[in-house]
Structures are given as C-alpha cells and as structure tokens.
Amino acid sequence: MPLKDLLRARFTSAIQSIPQGWKILITDDHSQALLDTVYKQFDILQQNVTSVEPLHSPRQQMSVDAIYLLTPTLQNVDRIIADFSFGRTTYKSAHVYFIDGVDDGLAQRLTEGMPPGILQAFVELYCNFQAIEDRVFSLNAPWSMFTMFGNPGGISSSDLSKEAFEDDVKVAGRSILNVLATINENPHIRYYQPSHHAPLGPLASTAHQPGAPSSSAPHSQPQGASLRWRSAMGGSSSKSPVQGEYLSKKIAMQVQSDLDEYLQNNPEFPPASGRPRAVLFVLDRSVDPAAPLLHEFWYQAMANDLLNITDGVHYKYKYTNTVGGKEEKVANLDEEDPVWCSVRHLHMKDAIDTLMTDFGKFAQEHAGFRGGGNVNVNDLKDMLASLPQFQTQREQFSLHLDLAQECMNLFEKKKLSQVASVEQCCATGHTAEGKTPKTVVEEMVPLLDDRLNVTSLDKVRIIALYIMFREGVADEDRRRLYQHARLSISEQDMVNNMVNLGVKIIKDNSRTGKGRIRQKAAVSEGEYELSRYKPAVQIILEDQKANRLDLAQFPFTKDPPAELLPSSSSGGGGGSLRSGGGHGTQASHLQVSNNPSGSLRSARPTWHKAASQRATNTEGKQRFVIFIAGGMTYSEMRCAYTVGQALGKDVYIGSTHVLTPEFFCTQLRALGRGGVGANPPQPIPLHPEGPARINRAEPGGAATYQEILNHRHWRPPVGPPPLAPPPQPAATGSTSKLSSKKSGQSNLSNDMSQLSLQSGSEYAGSINGGGKKDKKDGEKKKKKLFGIKL
C-alpha cells in the first residue's frame, strides 16, 4: 500500500474520531506541514471541520469539539492546558492526537492539567515522517550530512558536533520507528558494516586497530592549505582492519532499542498479516558515494539533474495556450500527474517514445477540438463535457514534451554522451563490452580541457569518479587533474572532501578488508550503454532476495533468523509474525488486511518484460525497507519501484534528505570544514527567538528525544484571548471604565503566565512560569468554512 495512503489513513482516523457534529482542527507548524503532504484544505473541511487553526494563536471560544493534531512538545501541551484553565472552556471537549510518541512525564502533565470530562481522546499516531512519494519517505533534514559525516574540528567545536550528531541519530531512529509503526512491521534489522575505511565524522574518535591503543581520525585535516591533503590518505601503513563504531550500526541499534520499547508497550503489535516478516536495511551515504555523482538518463533523475526543479516537484515552464500565445506556469511533478507517474522511471529514450505515442492517441481521440472533420451537435455536447479533462491532459502532455526536449537539448550542449561514457567506465569498473577500461585517461583529459561545453561541476564529477575507480591517485596526478580542469579551490574541495565519505583520495599500498560494493562485469541484453551502473541499493536487494548478502558486511542487530542464514535453503524467507488486533496507541481501523499468500520465491529478475498483474499486487508480499543516512538519489528511489517489482517484493526507501548531483557537490564543498556539524551551511530551522541549545548534563552528552522535540519545534507563545470580565454593578462612567480596563489587563496577565517555558526535563512543580507578551504580528489567518465566522 502506498505510504501516502497509509499516512492519510492515520490522519483520517484523527479527523473522523468525532463522527457527528461540527469540530475544529488545531495544528502546529510541523504537523500542518505533514498534513499538507497527504490532504488538501478542501478535503479536510469536507469532513465537518469548521476551520483549521494554528495552536499558537488567540483562538476564540467556540461551542464545538476540538481535535488537536500536534507534535508532542512541552510547549504544545501547556498551550492545550491553557485553553481549559482558570474556568476557561474554549471548546466543548479536547481530542488530542500526537504525531509521535509522548514522554511519560509529558503525558502525565497533560492528563493531570486538564479539567475532568474535557480530555476525551489521547492517541499517539506515530506518523512523524514525510511521505514524498508512494514508496519514498524523507526526514527533510539536509543538515544531517554535516552532523553525521562532517569534520568534528578541534576541542572547542567537537563537543557541539557530537551533540548535534547524537541528536540526529536519535531523530533518525525514532523517524524509522514511525515508518515501521505506520506500515505495521516488526522487521529483522540489518546494517552496513564497512571494513575498508575507519569510522567517519564524529565517530572517528572511536577508531582503533587491534593491538593499538588508539588511532587518530583518518579524515581530520590540519588547518592550512599546504597541509590540506596530507591526512587524506584514506588508509594506513598497517594492513590490520580498522575497528570502531560506524554510523549505520549506531542508527540501527537506536532503531532496535526504540522498536523493543514500542513492542513492550504494545504487545499486540504488529497485527496479523499473511506476509513474511520484513527486513530493514540501515545504510549510510558511504555505501555508494558514486551514485550521487553520475549523470543518470532515467526521466525523473535526468530532469532533476539538468533542470531547475524546486524540491523535486515544482517546475516552471512556458507552454502555448489555445490562442497560440506563450504562458509561464509552475507545474507539480507528483502522483496527481498521471503522465509523470507513467514515465518518471523510464529511460529518457523510452519516455520520449511513450510520450509521443500517448500524445498521438490523445490527439486522435480529441480530433474535434482541432476543428477537423464534420462535427455535429452531439459531438459538441461530448466535447464540452470533456473540456476540463481535455485542458488538463493537454497541459500535462505539453509540460512533459517540453521537459523532455529541454533535457535532450542540454544533453547535446554539454557533451553528456562523452561525459557519461567516462563516468560509466569509472563507476562500473568495466567497459560496455565487459572489459577493463584502458583508455579512460585519453577520453577524460579532452573533456577536462573543454572550457566551452563541459561545466566545472561536470569536471568535478568526472575527477571524483576517476579517483574512486583508481582507489586513489598520486598527489602529483591529482594536482595535474585539477590544473587541466581549471578548478577553483572550492571546487577542488568538492573532490578532496570525498575522504569524509570513506573514499581513498591519495594512493597508497594498504588494503584493509573488503572494499566498496561493486557490480560484477556483465553484458545484459537490452542494456543502455550510458546507464549500466547499478546502485548499491539494487545489488543489496538482489543479494538479499537470493540469500547471498554477506553477513559480515551486513550483520543483524540481533541473532540472524535461521531462514536468512546462507546455509538455509530458503530463497528469501520470512519468519512467523506476532499476531494481534491492533494496539492501544493506534486508531482501531489501522490494520493490514489478513490475506495469506503462497510462495514468495520468484524467478530471476526480468527487467525487460512488462509488469504483470501479480507484480503490481502488493498484498502478501514481503517488505524491504531501506534507510540511507546522508541523502538518497533519484536513481535509488527508482529502485524501490523497479527492483521491488522485479523481485516480487514490496520496497520502501527513505533517507534524511533527497540529493541531486549539484546539491551533493555543494554539501561536499563544506564537509571538511572543522566543526561543520555544529554549524552546518543548511542549519536546523530553529526559531530565532528560541533557546540556542539544549541544556545537557555535560558537554557533548546526549539529550532525550523529548528534549530534542521541545527544542526544535519551539515557537513564540501566544496565549488564549482574555476572558470577558464578570458583570460589574452600576457605577459612574469614568470609574467603571477604568475598573473594567484593569480587570481585563489582569486576566490577560494571569492567562499568559500559564505558558511554561521550562526545559523538557522539568516536568515537576506548577505550570506557572515566565511568560512572554502576546505576539500578534505575523499570525496565521484563520481558515473558516465558506467565510462564515463561528
């Protein structure tokens, strides 16, 4: 089932929890952003919702039930309580739905602070993630590249870098738990354990070699341009494998800990289903540093690489209207565009053929709109009835034909045929004929010398892939490559900082353990010469299906199940699932249908064949969930659809954020800066008036997940409007007005004092705290049904 449908079902369970009568929906900034990914405002109002209003606003009293759909923070809980404090009854009742798990202390604070009979529902939905496609989810946290892989810097910044790292690991683990709770899975968990490089980022301090007391971080770069690369050897003179704590393991263990706690609190989870037990793969960007650098020629990946598409969705283009004029329009490339969904995972050549064929059929079916042939009255009636659909489809075809043409124009202009040929040889390690490349340098140097057609960014990508292909180059050779390409210092840093992803930049003679995951040389029928590279994600999924995935490189967080051991005869396996009919924190109707299935062992992948009905039916299929810390590419997102269909599996993929080649190189440029994790170029969007950092027991120490939520989602407090003053006995005019004014000011002061600004760990004591003045500038406008003020 698509992730967006599952997420929508969670939100629907909250909105429809009050089946009869009018209600008001109250959200915060974060929960509203998640709601907007699966619901349109009109669809919400259609469910007897009078309006959707922000929590932190002076909402007026209404005689309706209230549904609070919120992020579980201390500030939000205090604001709910303020709606029903000191005799105030802002709404008839409160139905509270949190998008994530709630700390026990915070839950107690809410239940004890509400008047009797007001709190009618208190539910944890566990849907705190963003579903950006039907099979793709994201944490929308681009700063995590720096916190997880960035150079921690010296003593002054290392503590702050470690704090940011620990916080993001906790958030990633809990977000993955939210995904698992939404899809109702308790999976086996496997993680990537590299042996060819030392731990990266803030974890580099844990690196050591057997028999040695300690090892300095291999990526720690001395300050100063002359010494920039002496620490980027990517290896050591010793042939002993480097040991330490790796990022993927750290996140996987966090997920396992959160999942165990969730299972303990919800013994009936997961509900019974006929599908085998899922497998979760926790990876990080170092598993495949080549994928974000390659030029991809699949429709979605190529468009996002070459064109200016905002957030992978919004594309501005010009189209010809019905009177022949040119108009500029912003299109949304998402699941609501059927043309986009039909071609986004096709190779550009196939996509263009499909678009031309479908457009030809469309034009033939609507020949009457072109004015050709004899058109009678009945034809005119049919044409008018289908006019809105005709306009929409016509604009969609115009959009994608324009988009495809623009991509092909840039393909020719930038010499991407020659560029991609070199890239594919470097990334795969073999030519289109399956042989070892011997003329890569001869093909690469003219491209590096080209000032007119090959951009500097493309040269950076070529050089980085070449260095990975050679497993490091001599320092003098590296300088010559930079000189040929005429790269600036910041562009050189894009290549140099690949060492922070475990890439060996300077050639040496050391070999430590098994290298990066590489595809085997093979010539496949129907394979596109410029699209031969298989992302590591695809190789991992295929090896897992064939039960040949290396246990040393991809261990389990717990003892591996017998059916998934290499000695087992099972082809993909699945253990028995714990059954149950739901759990206390879930809406009762959020269940996976219990449809038993037959054998899930399928034949060899058939990439060139059309999808069968069996492949498109996901009921009963085993699920694979992939999480990549540090960003995922569009080619990896495509694997969730194409590889899942080929293997007969239901695949979901997610990451901290989505990468395009340009954005990846931009992040690489700053990755080696000392202390970048504590002050990343794409910082966490904290409110400027909020607390600067979390108060911790010791510098560099970990914070609780609740404290992280309290800090990241802080907003300026806005209390409820003051209560109307009680009736006063008749008095002289001036005296009565002055008394009423003072009374109103006193009520407002008392009400605002209830908004606590304590830290997340301070749950004890009274609610009273230091309040802030009511900030009315920049408030969100209230959304009313049909403009009626209730």
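In this predicted model, two helices each supply at least two residues of the lining of the largest cavity: α9 (299–306) and α21 (634–647). Of these, α9 deserves a look on your screen, as it gives the most to that lining, with 3 residues.

The largest cavity itself has a volume of about 90 Å³. It is lined by 13 residues, and the closest to its centre are Glu296, Ala301, Thr633, Tyr634 and Pro661. By character, the lining of the largest cavity divides into 7 nonpolar, 4 polar and 2 charged residues. Two domains take part here: domain 2 (130–204 + 244–288 + 535–561 + 614–684) and domain 3 (299–414) each give at least three residues to the lining of the largest cavity.

How many cavities of 30 Å³ or more are there? The count comes to 4. The second largest has a volume of about 60 Å³. If you would like to find it in the structure, look for its lining residues, which include Met148, Phe149, Pro194 and His197, together with Glu245, Tyr246, Asp284 and Ser286. Pro199, Leu200, Leu203 and Leu247 also line the second largest cavity. This lining is made up of 8 nonpolar, 2 polar and 2 charged residues.

Now to two places where helices pack. The table sets them out.

| Helix pair | Axis distance | Angle |
|---|---|---|
| α4 (74–82) and α5 (104–113) | within 9 Å | roughly 5 degrees |
| α1 (3–15) and α7 (155–183) | 10 Å | about 85 degrees |

Take α4 and α5 to begin with. Their axes cross at roughly 5 degrees, and angles under 35 degrees count as roughly parallel, so α4 and α5 are roughly parallel to each other. On the α4 side, the contact is made by Leu74, Val77, Asp78, Ile80 and Ile81, and α5 answers with Leu106, Arg109, Leu110 and Gly113. Sorted by type, the residues of this contact of α4 with α5 are 6 nonpolar, 1 polar and 2 charged.

How is α1 oriented towards α7, roughly parallel or roughly perpendicular? The angle between α1 and α7 is about 85 degrees, and values from 65 to 115 count as roughly perpendicular, which makes α1 roughly perpendicular to α7. From α1, the contact uses Leu3, Leu6, Leu7 and Arg10, while α7 brings Ala181, Thr182 and Ile183. The residues of the contact of α1 with α7 divide into 5 nonpolar, 1 polar and 1 charged.

Notes: Residues are numbered from 1 along each chain as its sequence is written. This is a predicted model: local features need pLDDT of at least 70, side-chain atom pairs count only at pLDDT 80 or more; totals for chains, interfaces and linings use all residues. Side-chain values use heavy atoms; hydrogens and water are left out. On a 1 Å grid over the protein atoms alone, a cavity is a set of points where a 1.4 Å probe fits but cannot get out, and a pocket is an open set with protein on both sides within 12 Å along at least five of seven lines; lining residues have an atom within 4 Å of a point. Grid points are joined across faces, edges and corners, and a volume is the space filled by probe spheres set on the points. Helices (H or I, at least four residues) and strands (E, at least two) are DSSP runs, numbered from the N terminus. Ala, Val, Leu, Ile, Met, Phe, Trp, Tyr, Cys and Pro count as nonpolar, Asp, Glu, Lys and Arg as charged, and the others, Gly among them, as polar. Domain bounds come from an automatic or database domain assignment. Axes are lines fitted to C-alpha atoms, for helices over the stretch in contact, and angles run from 0 to 180 degrees between N-to-C directions. Angles under 35 degrees count as roughly parallel, over 145 as roughly antiparallel, 65 to 115 as roughly perpendicular and the rest as oblique. Contact means heavy atoms within 4.5 Å.
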